[in-house]
Amino acid sequence: MGSHTIYLYKEEIVRQCCELFGSPCRLKEYIAVILAHELGHSEDLELEQLAAALDGPLTGRQEAEIRLRIEENAWAYASSLLTEADPSFMHIIREESLFSYRDQLDRFHIA
């Protein structure tokens, strides 16, 4: 965690882009968004504290809230970097990325 290293796996990014948008036509834009998001994790001043909290005794709901917060922090940073990006394009990627985290948290509201 302390290395501030970012890994991007090209094949996975191409696959995700094609799955989300039907083709690799917007791959460069997609890579920029993913990179900005990953930079968001790297620059997140709260990340160390949030990650440490995940090691403590937590309820499932608390863990889901922390994981969602980590992702939302990274997306906020990405948005601040990509002010010129197509907002609807970014919205689609962000919402897809956050879906499973929100879904996990929603399960605790239902239960």
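Q: Before we get to E63 and R67, what counts as a salt bridge here?
A: A salt bridge is a side-chain nitrogen of Lys or Arg within 4 Å of a carboxyl oxygen of Asp or Glu, and please keep in mind that this is a predicted model.

Q: OK, so how far apart are the closest N and O atoms of E63 and R67?
A: They are 2.9 Å apart, and E63 and R67 form a salt bridge because that distance is within the 4 Å cut-off.

Q: And where do E63 and R67 sit relative to one another?
A: Both belong to helix α4, where E63 and R67 are four residues apart and therefore separated by about one helical turn.

Q: Are those two buried or exposed?
A: Neither word quite fits, since E63 is partly exposed with a relative accessible area of 31%, and R67 is also partly exposed, with a value of 38%.

Q: What does R61 pair with?
A: The side chain of R61 meets that of E65 in a salt bridge, at 3.2 Å from N to O; these residues too are four apart in helix α4, which covers residues 60–81.

Q: How accessible are R61 and E65?
A: R61 is partly exposed at 31% relative accessible area, while E65 is partly exposed at 34%.

Q: Switching helices, which residue does R107 bridge to?
A: R107 forms a salt bridge with D103, with 2.8 Å between the closest N and O atoms, and both residues lie in helix α5, residues 87–110, about one turn apart.

Q: Which residues are linked in a network?
A: E12, R15 and E19 are linked in a network of salt bridges.

Q: And how many salt bridges is that by this rule?
A: The count for the model comes to ten salt bridges.

Technical notes. Residues are numbered from 1 along each chain as its sequence is written. This is a predicted model: local features need pLDDT of at least 70, side-chain atom pairs count only at pLDDT 80 or more; totals for chains, interfaces and linings use all residues. Side-chain values use heavy atoms; hydrogens and water are left out. Helices (H or I, at least four residues) and strands (E, at least two) are DSSP runs, numbered from the N terminus. Buried means under 20% relative accessible area, exposed over 50%, partly exposed in between (1.4 Å probe, protein chains only).
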